[in-house]
Amino acid sequence: MTPSASSSNPSSNHSPNASPARGAAAGDLPPDHPLRAAVRKAVDDVRAATPLAQSFTNFVTINLVANAQLAAGGTAAMSFLPDDVLDTAAIAGATYVNVGTLLPFYGDALADIARGLHDLGRPWVLDPVAAGIGATRTAILESFRDVPPNVVRGNASEIIVLDRLWGLGGGEAGDRTRPAGVESVDDVESAAAAARRVARHLASRSPDGRGTVAVSGAIDLVTDGERDYRLPGGSAMMTKITGAGCSLGGVTATYLAVADPLTAALAASLHFNRAAETAAASAQGPGSFQTAFLDALWNTTAERIAASPILA
Amino acid sequence: MTPSASSSNPSSNHSPNASPARGAAAGDLPPDHPLRAAVRKAVDDVRAATPLAQSFTNFVTINLVANAQLAAGGTAAMSFLPDDVLDTAAIAGATYVNVGTLLPFYGDALADIARGLHDLGRPWVLDPVAAGIGATRTAILESFRDVPPNVVRGNASEIIVLDRLWGLGGGEAGDRTRPAGVESVDDVESAAAAARRVARHLASRSPDGRGTVAVSGAIDLVTDGERDYRLPGGSAMMTKITGAGCSLGGVTATYLAVADPLTAALAASLHFNRAAETAAASAQGPGSFQTAFLDALWNTTAERIAASPILA
Amino acid sequence: MTPSASSSNPSSNHSPNASPARGAAAGDLPPDHPLRAAVRKAVDDVRAATPLAQSFTNFVTINLVANAQLAAGGTAAMSFLPDDVLDTAAIAGATYVNVGTLLPFYGDALADIARGLHDLGRPWVLDPVAAGIGATRTAILESFRDVPPNVVRGNASEIIVLDRLWGLGGGEAGDRTRPAGVESVDDVESAAAAARRVARHLASRSPDGRGTVAVSGAIDLVTDGERDYRLPGGSAMMTKITGAGCSLGGVTATYLAVADPLTAALAASLHFNRAAETAAASAQGPGSFQTAFLDALWNTTAERIAASPILA
């Protein structure tokens, strides 16, 4: 008996105003779509090159972030001091920043690090964990506005708050969201417009004109600001282990070390969803689910990941 | 072959002066005792409501604390900055504070947090890990005296030291306890009088007049200062994974989000003991024990937890 | 399918200039060699005495360090403040210091702690994680030069950098090593000369004239500066979980609580290699490997550990 229902294939919950960008009917990308080839290449490249992705992340899930990066085929290094982070950024393929468990010195340090990554031209992923809670976190997230990351990954509430903190035009949505800790109180589709605005902002500040936002939920949404991709599947058991979102952010950085932001976000989310389904099939509870999930990250083939449903 | 004996059902080790409060003969609570109904309701309520419990806890076991809270049916958020903790306390059902791995800013921060929780009227659980070691920890624990938690959970040595630090009349016991790191050097019964004094102190400072102390050991002792409850069972393998006590403290906060202090402490300890027994039955060593323990927290029924032996 | 090859028995990769010290031909130590008896005694003594080893270690792998120490038979306590560390050092058999994830206050704190351990005469193990990255880490490692540990455990790159930072004569090797995060870019044999110099430096500053360096890799190298010991075996899966090296450092401290530096380093490395082989035989990936590894640390017999190949 489990205390809450677990579904490995949640039914669609698209809201009426969540139609794909530009009015196209949502349908699975064809097998020969270039994005599928790009995803497959990214998975293969990570496993061939074992790229280093660095993380500045919270203390709760730092171990799982590193182990997920290793299980996906990369290597990991974690740092907190600006001199450490920027030295390592110079040799790492990408950096992951997660604002989950703040310490007093983070306010100055993270502003310096974001500026340093920007000046070095090093790609990074932001995970705005618990956005909206605490004056310190708000100040840190605001400081990233002008030197933003290449990818933002968060839950719906966090993306809505980030859009509002950066003043990107989502003020009208603000009143609807009250943070509830680290869990989302909004569904993915309610964050779609905010996600597109944030993605366009990232792109506008990036030398290569690219930026991507990934919103995690029952059906993940990945958008580059121009086109939305919805990724069904995964497992509700992912919400019963701590760090599913953080480790997805970390593995997104692993993929960003070998691929562009959109491909990296898609590859990481698809890899996680397929591995979660495999793990859920054998798990007896959240303990064995986490063990099986790391095994499945390691074993899931690039072919299976690239053949995932991608609704666009 | 295992290097030390593991018993899933340690024999009774009551000391002669460990008789139940008020001279009653110790016996199992009857099946229709109201406390059993309260425990069962608490387990059901956590699984139905997935309450948020916040933690300010040590870096060693922070991941297990969160995963145990999730496996028990709640949700988790971890914070260290006063603005974070107090913002989150306002939306969390309860907060867990563990003084295991101190950083320099904790002295001021934890005093402010305890005062803030008191002023907000938010319930919290204290885990006085390693009480008696280090001047910083001693100052922090002393600062909690006048704005104490609703529940204290610790091992016997920690409870004895806390009683002494708070000057509650246990001076005579002080000389017997020399901290030995994070492991207890005293048995549970030797802390019974201190536990009752601390529980009465908690109650005296709480608006609802309630307070509970849980002493973990081979046979756990839970007391509200008026009556003692002894909880046999569990598994010695719990001492071979790090964080068994910390995660029990965290899950006590999860239960405190839906129940009074005594019910919360009983429900958490009983849930842990039954899950530990299930895990020990299949474990090959401490690695598989921890995995099976999280699975068992998830799967153990409210009926089984509420039917546990409770000697009073 | 696994993304990279995993071998549980890597083939020998001795380089031509990696001959044993003093020109002896490398061969397995005989069954009755006193070192084998010393290793067996150390394993038995840890399991009988459950010694406390304290750690000041990084946030990524702190949980695995503690769990590995428990699974090897010891007990664990983790601290970061000088008053905590030195209070605990007085009751702990040994202390483990790992400079992986630095915070701002570590610069002063770790210099004070090393000096305090030296003045107290308490044995300790240093893990110079990511040596060469970041000005803060460099300053910390330099501060240890005159109050060094009794054992250093690291990968080849870290040992080469430490030798250079301490100015022990390895300047010529310096240009070859560019840190690549926390992974070694050098093979074990390329660090052999540096390891011997560092070991002799440790011995020169120790009251008992002893010091040992352990270099982890496909074939581990352990040296007391006079004689080298090479330990084949283990599993490449150890590189696919985070903290294999850190937890080896922590367990080396556990053994240092009951044995001399050379015996402690040998016992810990041999224990890890045999447990890794057992775990690799049943693992489906890195998740189940870590679980099985902790089980195997717990279950591997002292006889098997002491009978390991030790090439000298």
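These are my notebook entries on how the chains of this structure fit together, plus one annotated site.

**Entry 1: the model**

I am working with a predicted model. I kept that in mind while looking up the symmetry, the two interfaces and the site below.

**Entry 2: chain A onto chain C**

I began with the relation between chains A and C. Turning by 120 degrees, with 0.0 Å of shift along the axis, superposes chain A on chain C at an RMSD of 0.0 Å. The two copies are thus related as by a three-fold rotation axis. Next I asked which residue of chain A comes closest to the rotation axis. I found A:Phe59, with its C-alpha at 3.7 Å. I also looked up how the two copies share their contact surfaces: they use different ones, and 11% of the contact residues of chain A recur in chain C.

**Entry 3: chain B onto chain A**

I repeated the search for the next pair. Chain B can be laid on chain A by a turn of 120 degrees and a shift of 0.0 Å along the axis, and the RMSD is 0.0 Å. Here the C-alpha of chain B nearest the axis belongs to B:Phe59, 3.7 Å away from the axis. The copies use different surfaces in this pair, with 11% of the contact residues of chain B recurring in chain A.

**Entry 4: the interface of chains A and C**

I counted 28 residues of chain A in contact with 34 residues of chain C. The buried area between these chains is about 2600 Å², and carbon and sulfur atoms give 63% of that area.

How many salt bridges cross this interface? I found one between chain A and chain C. The side chains that meet in a salt bridge are those of C:Arg137 and A:Asp84, at 2.7 Å from N to O. My list for this interface also holds 10 residue pairs in polar contact, both residues being at pLDDT 80 or more.

Then I looked at which elements build the side of chain A that touches chain C. At least two residues each come from α2 (62-72), β2 (75-78), α3 (82-89) and α11 (286-299) of chain A. The largest share, six residues, is from α2(A). By type, I noted 16 nonpolar, seven polar and five charged residues on this side of chain A.

**Entry 5: the interface of chains B and A**

I went through the same look-ups for chains B and A. In this pair 28 residues of chain B are in contact with 34 residues of chain A. The area buried between them is about 2600 Å², with 63% given by carbon and sulfur atoms.

I found one salt bridge between chain B and chain A. A:Arg137 and B:Asp84 have side chains that meet in a salt bridge, at 2.7 Å from N to O. I also have 10 residue pairs in polar contact across this interface, both residues at pLDDT 80 or more.

On the side of chain B that touches chain A, α2(B) gives the largest share, six residues. That side divides into 16 nonpolar, seven polar and five charged residues.

**Entry 6: the annotated site**

Last, I checked the UniProt record, an unreviewed entry. Its "binding site" annotation covers A:Arg153 and A:Ser216. They are spread over 64 residues of sequence but cluster in space, with a largest C-alpha distance of 7.4 Å. Where in chain A does A:Arg153 sit? I placed A:Arg153 in strand β5, residues 151-155 of chain A.

Key. Residues are numbered from 1 along each chain as its sequence is written. Chains are lettered from A and ligands numbered from 1 in the order in which they are written. This is a predicted model: local features need pLDDT of at least 70, side-chain atom pairs count only at pLDDT 80 or more; totals for chains, interfaces and linings use all residues. Side-chain values use heavy atoms; hydrogens and water are left out. Copies are superposed by least squares on the C-alpha atoms of residues with pLDDT of at least 70 in both. Contact means heavy atoms within 4.5 Å. Buried area is the accessible area (1.4 Å probe) that two parts lose on being put together, summed over both. A salt bridge is a side-chain nitrogen of Lys or Arg within 4 Å of a carboxyl oxygen of Asp or Glu. A polar contact is a pair of N or O atoms within 3.5 Å; within protein, one must be able to donate a hydrogen and the other to accept it, and residues adjacent in sequence count only if both atoms are side-chain atoms. Helices (H or I, at least four residues) and strands (E, at least two) are DSSP runs, numbered from the N terminus. Ala, Val, Leu, Ile, Met, Phe, Trp, Tyr, Cys and Pro count as nonpolar, Asp, Glu, Lys and Arg as charged, and the others, Gly among them, as polar. UniProt positions are given in the numbering used here, feature names are shortened, and annotations may be inferred rather than shown by experiment.
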